[in-house]
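Hello,

Here is the structure I promised to pass on to you. Have a look at it first, and then read on for what turned up in it.

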Amino acid sequence: HDLQPVGAFMFAPMTVAVKTGSPYKTINELVAAAKANPGKVSYGSGGPGSAPHFTSEALGVASGVKFMHVPFKGAGEATAAVLGGVVEFQVASTPGVMGQVKSGSMQLLAVSGDKRLNALPQVPTFHESGIKGFGVINFTGLWAPKNVPTEVMNRLQRELATAMASADMRAYADGIGAEAGFWDSATFAKKLHESTTLWGKVAADTGFD
């Protein structure tokens with residue numbers, strides 16, 4: 001590895017999105033339907049092995065159900081399939097579906113993370129809904145070459161933390177359904193390791209090597 005993690009700074013929850021008018025008004029109703037009909041409640045993803053595919057499978061494990069996976073050629077196609085009634089839901093990062101939510105064509109049943117989003121205060125967290133152990137969050141990170149001096153690394157971390165605390169960045173994050181924050185280099189490295197472990201387990205569970 002020629003790079004080292006500097007910090008992470010924009011956090012986007014994962015969400016379950018359904019089309020407006022869906023029979024599922026809560027994540028618990030969706031899970032109950034999947035429990036009653038194993039392998040029948042369908043979701044779309046951007047393809048096998050994609051982050052939404054693995055995240056959907058992780059949701060199934062956390063909620064004790066088996067969903068039916070329908071792969072498409074990208075997240076946009078999966079969204080179109082939800083809107084067209086081809087599949088029943090999509091797991092996506094919140095920025096990916098905020099446009100449809102704002103236009104009124106999609107509704108979100110739950111978001112990951114430990115608190116509700118400022119932009120979507122009506123949408124509960126998975127934990128609030130009774131689904132424990134589903135803490136998948138997308139984060140944006142900054143990396144630097146391995147040989148960057150310590151004082152430069154420290155300066156970069158300070159600047160990132162300052163920028164993410166600004167009102168402008170917080171407003172921008174709210175607008176896209178994300179949250180501005182900051183993980184320092186050590187925290188970022190720890191979270192990357194946890195993420196790698198999680199996805200390795202999900203890949204094994206779904207038959208991916």
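**What surrounds Val82**

Not counting residues up to four places away in sequence, Val82 touches Ala17, Val18, Lys19, Val87, Glu88, Phe89, Gln90 and Met106. Please keep in mind that this is a predicted model. Val82 is found in helix H3, which covers residues 75–83. With 1% relative accessibility, Val82 counts as buried. For a sense of scale, Val82 and Gly7 are 75 residues apart in sequence, and their C-alpha atoms are 35 Å apart in space.

**Phe89 and its company**

Phe89 is a good residue to click on next. Once its neighbours within four places in sequence are left aside, Phe89 is in contact with Val16, Ala17, Val18, Leu30, Val41, Ser42, Tyr43, Gly44, Phe67 and Val82. Two of these partners deserve a visit of their own.

Val41 lies in the loop between H1 and strand S2 (42–45). Is Val41 buried or exposed? At 3% relative accessibility, Val41 counts as buried. The C-alpha atoms of Val41 and Phe89 are separated by 8.4 Å, although the two residues are 48 places apart along the chain. Leaving aside neighbours within four places in sequence, the contacts of Val41 are Tyr24, Leu30, Ala33, Ala34, Phe67, Met68, Glu88 and Phe89.

Ser42 is found in strand S2 and, at 5% relative accessibility, is buried as well. Residues up to four places away in sequence aside, Ser42 touches Met68, Val70, Val86, Val87, Glu88 and Phe89. Between Ser42 and Ala92, 50 residues apart along the chain, the C-alpha separation is 14 Å.

**The nonpolar cores**

In soluble globular proteins, nonpolar side chains tend to be buried together. Which residues touch the most other members of the largest nonpolar core here? They are Val16, Ile27 and Phe89, in a core of 26 residues. At least two residues of this core come from each of strand S1 (3–19), helix H1 (27–36), H2, strand S4 (89–93), S5 and H7. H1 gives the largest share, 5 residues. There is also a second, separate core of 16 residues, with Ala78, Ala81, Val97 and Val111 among them.

Helix H1 also has a residue on the outside: Ala36 lies in this helix and is exposed, with a relative accessible area of 56%. The C-alpha atoms of Ala36 and Val65 are 9.2 Å apart, with their positions 29 residues apart along the chain.

**Two helices that cross**

Two packed helices are described by the angle between their axes and the distance between the axes. The axes of helix H2 (residues 51–63) and helix H7 (residues 185–205) come within 10 Å and cross at roughly 80°. That angle makes H2 roughly perpendicular to H7. On the H2 side, the contact is made by Phe54, Thr55, Glu57, Ala58 and Val61, and on the H7 side by Trp199, Val202, Ala203 and Asp205. By type, the residues of this contact divide into 6 nonpolar, 1 polar and 2 charged.

**Charged pairs**

Side chains of opposite charge can pair when their charged atoms come close. How many salt bridges does a search of the whole structure find? The search finds 5, and these three are worth a look:

- Lys66 and Glu57 meet through their side chains in a salt bridge, 3.2 Å from N to O. Lys66 is partly exposed at 48% relative accessibility, whereas Glu57, with a relative accessible area of 12%, is buried. Glu57 also takes part in the contact of H2 with H7.
- Glu179 and Lys115 form a salt bridge at 2.8 Å, N to O. Glu179 lies in strand S7 (residues 179–183) and Lys115 in the loop between strand S5 (106–111) and strand S6 (137–145), so the pair ties together parts that are 64 residues apart in sequence. Glu179 is partly exposed, with a relative accessible area of 32%, and so is Lys115, at 45%.
- Lys190 and Glu194 form a salt bridge at 2.9 Å, N to O. The two sit 4 residues apart in helix H7, which separates them by about one helical turn. Glu194 counts as partly exposed at 36% relative accessibility.

Enjoy exploring!

Best wishes

Key: Residues numbered from 1 in each chain as written. Predicted model: local features only at pLDDT ≥ 70, side-chain atom pairs only at ≥ 80, totals over all residues. Heavy atoms only, no water. Axes fitted to C-alpha atoms, helices over the stretch in contact; angles between N-to-C directions. Parallel < 35°, antiparallel > 145°, perpendicular 65-115°, else oblique. Contact = heavy atoms within 4.5 Å. Nonpolar A, V, L, I, M, F, W, Y, C, P; charged D, E, K, R; others polar. Salt bridge = Lys/Arg side-chain N within 4 Å of Asp/Glu carboxyl O. Buried < 20%, exposed > 50% of the residue type's maximum accessible area, 1.4 Å probe, protein only. Core = buried A, V, L, I, M, F, W, Y, C linked by side-chain atoms within 4.5 Å.
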